[in-house]
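Student: I would like to go through this structure and ask how each label is justified.
Tutor: Ask, and we will set each value against its cut-off.

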Amino acid sequence: MRKLKNNELGRITVDEFKSVEKTPLIVVLDNIRSLNNIGSVFRTSDAFLVEKIYLCGISATPPNKDIHKTALGATESVAWEYAEDTLELVKKLKGESVKVLSIEQAENSTKLNDFQPKKGEKYAIVMGNEVKGVQQEVVNASDFCIEIPQLGTKHSLNISVTTGVVIWDLFQKMQ
């Protein structure tokens with residue numbers, strides 16, 4: 001078995017990315033502190049044709065060398081927008097018939113493995129701050145609260161890892 005070279009991977013160009021049909025999925029970053037986490041979310045979003053990323057509150061925006069370090073150019077392919085207030089953005093998205101999923105550990109949350117997206121629906125996943133998580137008022141305004149089952153001793157996963165797990169799970173269920 002031989003490793004493939006980058007030019008053998010058959011990846012699309014940035015221009016092709018912008019015109020291909022996207023996964024009906026939006027990522028909302030709620031006050032993310034780490035620029036490396038933001039860059040990683042861009043890179044994962046590129047891999048699974050995410051429609052758009054919203055950077056909210058204190059979340060940094062491109063261009064930024066620390067975001068670029070982990071995004072590796074994905075800030076050029078994935079559409080993004082800054083929104084100052086996450087709750088206001090959630091209300092706007094819901095007004096556009098987008099189903100909002102806060103990814104958080106909460107009472108009566110739905111386990112990710114049990115959640116089944118409906119065909120024809122568009123979803124926004126809200127990823128919370130590294131320390132405080134998704135703001136309670138945003139959780140309250142969401143259509144669903146989704147939790148990744150965890151069996152070990154740690155209380156949570158890194159936000160970039162969580163985003164990757166959730167995007168992959170929803171992407172493959174939407175196919």
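Student: What is the order of the strands in the open sheet, and which pairing do they have?
Tutor: This is a predicted model. Its open sheet has seven strands in the order β3-β2-β1-β6-β4-β7-β5, with parallel pairing.

Student: What makes β3 and β5 edge strands?
Tutor: β3 (80–83) and β5 (110–111) each pair on one side only.

Student: How do you know that β1 pairs with β2?
Tutor: Two strands pair if there are at least two bridges between them. Six bridges join β1 to β2, and the two run parallel. The count meets the cut-off, so they are a pair. As an example of the register, Thr23 stands opposite Val50 in β2.

Student: Which helix does the chain pass through between these two strands, and what is the handedness of the crossover?
Tutor: From β1 the chain goes through helix α2 (residues 35–47) to β2, and this β-α-β crossover is right-handed.

Student: How many bridges join β1 to β6?
Tutor: Five bridges join β1 to β6 (residues 122–127), again in parallel. Five meets the requirement of at least two, so this is also a pair. Here Leu25 stands opposite Tyr123.

Student: Why is β1 described as mostly covered?
Tutor: Strand β1 covers residues 23–30, and seven of its eight residues are buried.

Student: Why does Val166 count as buried?
Tutor: Buried means under 20% relative accessible area. Val166 has 0%, so it counts as buried. Val166 lies in helix α7 (residues 159–174). Leaving out residues up to four places away in sequence, Val166 touches Ile103, Leu112, Ile125 and Ile148.

Student: How far is the C-alpha atom of Val166 from that of Asn113?
Tutor: The two C-alpha atoms are separated by 9.6 Å, although the residues are 53 places apart along the chain.

Student: Why is α7 said to be largely enclosed by the rest of the structure?
Tutor: Twelve of its 16 residues are buried, so the description follows. Among them are Ile159, Gly164, Ile167, Leu170 and Phe171. The buried residues of α7 pack against β1, α2, β2, β4 (98–103) and β6.

Student: How does the reach of α7 compare with the expected span?
Tutor: α7 reaches 22 Å from its first C-alpha to its last, close to the 22 Å expected at 1.5 Å a residue.

Student: Is Ser45 buried or exposed, and why?
Tutor: Ser45 has a relative accessible area of 0%, so it is buried. Ser45 has its place in helix α2. Apart from neighbours within four places in sequence, Ser45 is in contact with Phe17, Val27, Val50, Ile53, Val78 and Ile167.

Student: What makes the pair Lys52 and Glu81 a polar contact?
Tutor: The cut-off for such a pair of N or O atoms is within 3.5 Å. The side chains of Lys52 and Glu81 make their contact at 2.5 Å, so the distance satisfies the cut-off. Lys52 is found in strand β2 (residues 50–56). Beyond residues up to four places away in sequence, Lys52 touches Leu25, Ile26, Val27, Ala79, Trp80 and Glu81.

Student: Which residues does UniProt list for the domain?
Tutor: An unreviewed UniProt entry lists residues 25–167 for "domain: tRNA/rRNA methyltransferase SpoU type". In the model, the end C-alpha atoms of that span lie 8 Å apart, and the span is 34% helix and 24% strand.

Key
Residues numbered from 1 in each chain as written. Predicted model: local features only at pLDDT ≥ 70, side-chain atom pairs only at ≥ 80, totals over all residues. Heavy atoms only, no water. Helix = DSSP H or I, 4+ residues; strand = E, 2+ residues; numbered from the N terminus. Polar contact = N/O pair within 3.5 Å; in protein donor to acceptor, adjacent residues only side chain to side chain. Contact = heavy atoms within 4.5 Å. Buried < 20%, exposed > 50% of the residue type's maximum accessible area, 1.4 Å probe, protein only. Right-handed = clockwise from strand over helix to strand, strands pointing away. Expected span 1.5 Å × (residues − 1). UniProt positions renumbered as here; feature names shortened; annotations may be inferred.
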